[in-house]
Amino acid sequence: FDVRAVDIEFEKPLTPLGFTLKMEHGQVKVARIIQHGFVAVHGFLSTGDVILNVNGEKIDSSYNVIDVQSLLQQSTGVIKLKILPSNKPYRLPLENYFVQANFNYIANSDKLLPAKSVGLSFKKGAILQILSQEDQYWWQAKLVSRNGPSDFCGLIPSLVFEERRRAKTFKKRSRSNGDVDATCTCYPSKVKSMKHSYSSVSTEISNTLDQYEMHLYEEVAQVPSFERKSIVIISTPYSLRKYLVNTIVNRDPENFLKPPEHTNNPNLQSDAITQRIYLPTEQLIGDIQSQQFLTVSKQDSYYTCVKEESIKDIIITDKFCVLDVEEQDIKLIRRVIFAPLIVLARTQHISVLREYSNSLPNRHKLQSLSTHIKETDRVLSQYGHLIDVVVNISPTRMVENILEA
């Protein structure tokens, strides 16, 4: 008999009790308390409490977590517990930490979830309020709608846990396909540190590292409504996004402007829409390596670069800055000062690709529709968490959908 043992009695609620159990050193202990749940609200239990007795039945080393869960589930009326308190201090829940989920999660299908009754399912794009990160593998969260956070607080996989699970799955899939090079064991934190060591001229290396970087949760905050200051278009092929930018600016030059471009292509001259500044290849590459440009695009052996100051000069005139960028440069321009609307343009019509390709110099080859769709899916997979709008371009609605967005 332990003099520190405490007896607890309470009426079994219609809702889940709001705590999970674990085995530790032959004892059944409280693993976690679900924030805002029944037990958390009434303060009956704390993390680490040892369950000694359930409704008069002694819990010894022969009992496991499932046995105790069954006793609690089968209980009716008043539940009587005897516990050995852990005396751990209560941690206040996080209140102002919100994330956007960039993947789908079905709690009932997760075999590793500690308890199905406390799992929280969500869809890609859902906003979650994180209330507890005390457990390194399972966070406690609520779904957030336009009306605010929901009443139910449940368990979701933590960032570290989901990253490791997906990395392990990816490695197994790659080995089964015989792809040795694809078995990347780098976790996102390591990938990010690797990316910082490359300059913006190494777009191929940056794009390769992006493939292994996981964007599972992205911290967000509720802000008042605001006006966009720039429109950023990404698309494959290169000719499609160039055509869209030029068409938007040409349609309404009083409200839309395109920033000056620095290029090493001597055949590209300035026109009514675009001011182009020619620089010798060696000088331009040197400027790129010294990070004088915000965005860098490469087509064949020619570079097209835009400076940050050029975008700011347009924004301060209260006009919209319209530009196209490589997908890996979205992160650089997605800043408050630019307030960009990131648009991914795609089409299901080969006639659209043919028209856009013919509108530019002959060196822009016509891309097949299947290649365009495949590349668009790749961009969405890697950078979908950074894209605001996906616009479907049709032969009859060239840029209307983008302007409406």
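## Sheets, cores and a cavity

Strand β15 (residues 261-263) and β16 pair in the parallel sense over 3 bridges. Within that pair, Glu 261 stands opposite Arg 276 in β16. Before we go further, please keep in mind that this is a predicted model.

**The mixed sheet**

β15 and β16 belong to an open sheet of 4 strands with mixed pairing, in the order β16-β15-β18-β17. At its edges stand β16 (276-278) and β17, each having a single partner strand, so one side of each is left without a neighbour in the sheet. Averaged over neighbouring strands, and with direction ignored, the turn from one strand to the next is 25°. Helix α7 (residues 281-289) lies across β15, β17 and β18, and makes about 45° with β18.

**The cavity**

Let us stay with some of these strands and look at empty space. How many cavities of 30 Å³ or more does the structure hold? There is 1, and the largest cavity has about 70 Å³ of space. Its lining is made up of Lys 242, Lys 258, Pro 259, Glu 261, Thr 295, Ser 297, Thr 304, Cys 305, Val 306, Leu 323 and Asp 324. Glu 261, which faces Arg 276 across the strand pair, is thus also one of the lining residues. Three strands, β17 (295-299), β18 (302-306) and β19, supply at least two lining residues each. The largest share, 3 residues, comes from β18.

**The parallel sheet**

β19 leads us to another sheet. Here 5 strands form an open, parallel arrangement in the order β14-β19-β13-β20-β21. β14 (256-257) and β21 (389-393) are the edge strands; each has a single partner, so one side of each is left without a neighbour in the sheet. Helix α11 (residues 369-383) packs on this sheet and touches β13 (230-234), β20 (340-347) and β21, with its direction at about 150° to that of β20. At the β14 edge, the pairing with β19 (residues 320-324) is parallel and runs over 2 bridges, and Phe 256 has Phe 320 of β19 as its bridge partner.

**Nonpolar cores**

The largest nonpolar core has 24 residues, and those with the most contacts inside it are Tyr 105, Phe 122, Leu 128, Ile 130, Ile 156 and Tyr 217. Two or more residues come from each of β7 (98-101), β8 (127-132), β9 (138-145) and β11 (154-157). Which residues does Tyr 105 touch, leaving aside those up to four places away in sequence? They are Asp 110, Leu 113, Leu 120, Ser 121, Phe 122, Trp 138, Leu 155, Pro 157 and Arg 165. Another core, of 23 residues, lies apart from the largest one and includes Ile 33, Leu 45, Tyr 63 and Ile 79.

**Two backbone exceptions**

Most residues other than glycine have a negative phi. His 36 has a positive value although it is not a glycine, and so does Ala 339. The table sets out their details.

| Residue | Phi | Loop | Relative accessible area |
|---|---|---|---|
| His 36 | about 65° | between β3 (27-33) and α1 (38-42) | 36% |
| Ala 339 | about 40° | between α9 (330-333) and β20 | 8% |

Are these two residues buried or partly exposed? His 36 is partly exposed, whereas Ala 339 counts as buried because its relative accessibility is 8%, under the 20% limit for buried residues. The loop that holds Ala 339 leads to β20, a strand touched by helix α11 in the parallel sheet.

Definitions and conventions:
Residues are numbered from 1 along each chain as its sequence is written. This is a predicted model: local features need pLDDT of at least 70, side-chain atom pairs count only at pLDDT 80 or more; totals for chains, interfaces and linings use all residues. Side-chain values use heavy atoms; hydrogens and water are left out. Two strands pair if DSSP finds at least two bridges between them. Contact means heavy atoms within 4.5 Å. Axes are lines fitted to C-alpha atoms, for helices over the stretch in contact, and angles run from 0 to 180 degrees between N-to-C directions. A nonpolar core is a set of buried Ala, Val, Leu, Ile, Met, Phe, Trp, Tyr and Cys residues joined through side-chain atoms within 4.5 Å. Buried means under 20% relative accessible area, exposed over 50%, partly exposed in between (1.4 Å probe, protein chains only). On a 1 Å grid over the protein atoms alone, a cavity is a set of points where a 1.4 Å probe fits but cannot get out, and a pocket is an open set with protein on both sides within 12 Å along at least five of seven lines; lining residues have an atom within 4 Å of a point. Grid points are joined across faces, edges and corners, and a volume is the space filled by probe spheres set on the points.
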